[in-house]
Amino acid sequence: MAESNSRYTPLIDSARRVLEANRLAGTSDWEGKKYDFVCPSAEVYPFQWLWDSAFHAVCLLHVDPTLAKQEIRCLLQGAQPDGFMPHMLLWDTAGREEQLARCDIVRLDPHFTVTTQPPVLARAVERIYQATKDKDFVREVLPPILAFFDWLAEHRDPDGDGLLAILQPDESGLDASPKFDLPLGMSGRASLVAPELHAAMQRLFDCYEPDRTDQEAMFRLDAFQVEEVLFNCIYGDGLRCLSRLVRDVLEDPAQAAALERRAVNVTRGLMLKCWDQEAGLFWDLWTHDERPVRILTVASIFPLILDDLDPNIARRLLKEHLLDPAEFWTRYPVPTVAVDEPSFDPSFRSQAVFRGPTWINTNWYLYWGLVQQGYKDIASELANRTFELMLRAGQHEFYNPLTGEGLGAANLSWSSLVLDMLWGEGQL
Ligand code: GLC
């Protein structure tokens, strides 16, 4: 369809405008490195986040593929010699104290955090390769990304079961999800969430303080270790993306096969340990005793993004959960917490994120997961409701899944993923 005549033109224009307006560029006092990337929000989040930038690269494919590559290159400047990739890069902190004070973070260096975030960048690089066929770019960026995936396997899988564990809730990207209330020792009562979470994070930081750079020692403390389903789905999917890139671009079938085996192991681990046959859902595992956290969030259906998920499991996730209006099939799906959870907070009363509202990044992953599983009609329905939501409310950080009200930061960059869903629907 000719995009200039589309009823989606306002959506497309706004998504592209936001990507342009949120661009930050300059020279950092961090070894004089140059930065040029899209930040999540110029007002609220003026730094470079690991999973945000990977989402931005996908969005930028619908603006200019050169910018998509630049986004990844800028991000990879933060890759550490041992493979670690930080959750946040703080390129320019001058005048940013107010924003930094709002973030509960610990830094490993004045310019980056000690924590990590979901490894979406493997999927982003595969998408760039599919769009551009640029093998030189892939050869350039694969080594630090492969090193990051190795770092995760080496340092974040203390029990060797193929599933990674996070050491802080924000490493999942779902920072204040109510499924972390219990592991953090919080009551989670809606009106108290924001200050209670801040206090809980400070307690965790104090506990980790003596061992902050020693991942193994932090796991031994068992202060907060969660084998989180969404993180592991993104990791497993990423391993499979890397396997295909290594096979097709590096032409190394042995390494490709090894990466594919690791991906299979993630799905196997999720099935063996996180799948609840009776409930028809996946649960996070908490503590080294691997106790299931039975709070129903979007993560519980996220294995829908895995290519090798058993079709019978996919069907159950869909029929019994995603399409149930009492859980996830609201007027504007997909809420990040099921409607029938006591902690469901559709209107952001708690002032804490990922406690109910619909986010565009999780919708984007689920959209492509549904397409991949052969449920194109449901994927299209999800896409259409997302388009209606954004046409009505504009571009925001997240949305009330019942009323469609836009909430959080205005003009959040990754909500421009709507461009990729429009493209998937043949509207761009
Ligand atoms: C919030 C989100 C996190 C995201 C960051 C920047 O902290 O919880 O997932 O990376 O904002 O957009």
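Tutor: Before we start, a definition: buried means under 20% relative accessible area, and exposed means over 50%. Keep in mind too that this is a predicted model.

Student: Okay, let's begin with H2. Which residues of H2 are buried?

Tutor: Helix H2 covers residues 50–60, and eleven of its eleven residues are buried, so the helix is largely enclosed by the rest of the structure. Going along the helix, the buried residues are Leu50, Trp51, Asp52, Ser53, Ala54, Phe55, His56, Ala57, Val58, Cys59 and Leu60.

Student: Ile72 is another one I'd like to place. How far apart are the C-alpha atoms of Ile72 and Ala57?

Tutor: Ile72 sits in helix H3, residues 65–76, and Ala57 is one of the buried residues of H2. Ile72 has a relative accessible area of 0%, so it counts as buried too. Along the chain the two are 15 residues apart, and their C-alpha atoms are separated by 6.8 Å.

Student: On to the ligand. Which residues surround the ligand?

Tutor: Start from H2, where Trp51 and Asp52 are among the buried residues; both also belong to the ligand's surroundings. As for where the ligand sits, the space it takes is the largest pocket. The full shell is Pro40, Tyr45, Trp49, Trp51, Asp52, Gln117, Gly173, Asp175, Val353, Phe354 and Trp414.

Student: How do the residues of that shell divide into nonpolar, polar and charged?

Tutor: Pro40, Tyr45 and Trp49 are among the residues around the ligand, and Pro, Tyr and Trp count as nonpolar. Gly counts as polar, and Asp as charged. The shell as a whole divides into seven nonpolar, two polar and two charged.

Student: Let's get to the polar atoms. How far is an oxygen atom of the ligand from an N or O atom in the side chain of Asp175?

Tutor: The cut-off for a polar contact is a pair of N or O atoms within 3.5 Å. Trp51 has a side-chain N or O atom 3.0 Å from a ligand oxygen, and Gln117 has a polar side-chain atom 3.0 Å from one. For Asp175, the separation is 2.8 Å.

Student: And what percentage of the ligand's accessible area does the protein cover?

Tutor: Taken on its own, the ligand has 310 Å² of accessible area. Of that, the protein covers 95%.

Student: Now the backbone. Which peptide bond is cis, with omega near 10°?

Tutor: Most peptide bonds are trans. For this one, look in the loop between H12 and H13, where Val334 is found. The cis bond, with omega near 10°, runs from Pro333 to Val334.

Student: What about phi of Glu31, and is the residue buried or exposed?

Tutor: Most residues other than glycine have a negative phi. Glu31, in the loop between strand S1 (23–27) and strand S2 (34–38), has a positive phi near 50°. Its relative accessibility is 66%, so Glu31 counts as exposed.

Student: Glu251 has a positive phi of about 50° as well. Where does Glu251 lie?

Tutor: Glu251 is not a glycine, despite that positive phi. With a relative accessible area of 58%, it counts as exposed. Its place is the loop between helix H10 (229–250) and helix H11 (253–274).

Student: Back to the loop between H12 and H13. Why does Arg349 count as exposed?

Tutor: Arg349 lies in the loop between helix H12 (311–322) and helix H13 (360–372). Its C-alpha is 37 Å from that of Asn312, which is 37 residues away along the chain. Exposed means over 50%, and Arg349 counts as exposed because its relative accessibility is 59%.

Student: How far apart in space are Leu417 and Asn363, C-alpha to C-alpha?

Tutor: Leu417 is in the loop between strand S13 (406–410) and H15. At 0% relative accessibility, it counts as buried. Leu417 and Asn363 are 54 residues apart in sequence, and in space they are 9.2 Å apart.

Student: Last one: is Gln427 buried or exposed?

Tutor: Gln427 is in the segment after helix H15 (418–424). Its C-alpha is separated by 38 Å from that of Glu227, 200 residues apart along the chain. Since its relative accessibility is 17%, Gln427 counts as buried.

Conventions
Residues numbered from 1 in each chain as written. Predicted model: local features only at pLDDT ≥ 70, side-chain atom pairs only at ≥ 80, totals over all residues. Heavy atoms only, no water. Near = heavy atom within 4 Å. Polar contact = N/O pair within 3.5 Å; in protein donor to acceptor, adjacent residues only side chain to side chain. Areas by Shrake-Rupley, 256 points an atom, 1.4 Å probe, with all protein chains shown as cover. 1 Å grid on protein atoms, 1.4 Å probe; cavity = no way out; pocket = protein on both sides within 12 Å on 5 of 7 lines; lining within 4 Å. Sits in = over half its atoms within 2 Å of the grid points. Buried < 20%, exposed > 50% of the residue type's maximum accessible area, 1.4 Å probe, protein only. Helix = DSSP H or I, 4+ residues; strand = E, 2+ residues; numbered from the N terminus.
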